[in-house]
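Biologist: Please take a close look at the largest pocket of this model, and set it in the context of the chain that carries it.

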Amino acid sequence: MTDLDQAAKRWGALDKKIGEKALTVPLFHPVYKRLYGEDVKNIVISDWTGVLDISQVAVK
């Protein structure tokens, strides 16, 4: 193609089509260790974010 505007539009359309069909594969999933004492209760770590919910933590 000699018309660069037309070529850019067609390349953009092809890129969009490939992006819609492409798969995303996570290659790394971090696992964090959390340590706490036996006198600490209500330890809840979110399965989704992996963050400790400190609003529920208490001491026995």
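**The largest pocket and its setting**

Modeller: By class, the residues that line the largest pocket divide into four nonpolar, four polar and one charged. This is a predicted model, and the pocket in question encloses about 180 Å³ of space. Its lining is drawn from His-29, Pro-30, Val-31 and Tyr-32, together with Ser-46, Asp-47, Trp-48, Thr-49 and Gly-50. Under the classes used here, the charged member of that lining is Asp-47, while Pro-30, Val-31, Tyr-32 and Trp-48 are the nonpolar ones.

As for the setting, the protein chain contains one helix and two strands, and these follow one another along the sequence in the pattern α-β-β. The loop that runs between strand E1 (40-41) and strand E2 (58-59) includes Asn-42, a residue other than glycine whose phi is nevertheless positive, near 60 degrees. With a relative accessible area of 41%, Asn-42 counts as partly exposed, because that class covers values between 20% and 50%.

The chain as a whole should be kept in mind when the pocket is considered. Its radius of gyration is 25 Å, whereas a compact globule of 60 residues would have one near 10 Å, and the C-alpha trace spans about 75 × 20 × 15 Å along its principal axes. Of the 60 residues, 2% count as buried, and the chain exposes about 6200 Å², of which carbon and sulfur atoms supply 59%.

Note on methods
Residues are numbered from 1 along each chain as its sequence is written. This is a predicted model: local features need pLDDT of at least 70, side-chain atom pairs count only at pLDDT 80 or more; totals for chains, interfaces and linings use all residues. Side-chain values use heavy atoms; hydrogens and water are left out. On a 1 Å grid over the protein atoms alone, a cavity is a set of points where a 1.4 Å probe fits but cannot get out, and a pocket is an open set with protein on both sides within 12 Å along at least five of seven lines; lining residues have an atom within 4 Å of a point. Grid points are joined across faces, edges and corners, and a volume is the space filled by probe spheres set on the points. Helices (H or I, at least four residues) and strands (E, at least two) are DSSP runs, numbered from the N terminus. The radius of gyration is taken over C-alpha atoms; the globule rule is 2.2 Å times the number of residues to the power 0.38. Buried means under 20% relative accessible area, exposed over 50%, partly exposed in between (1.4 Å probe, protein chains only). Accessible areas come from the Shrake-Rupley method with a 1.4 Å probe; for residues, only the protein chains shown count as cover.
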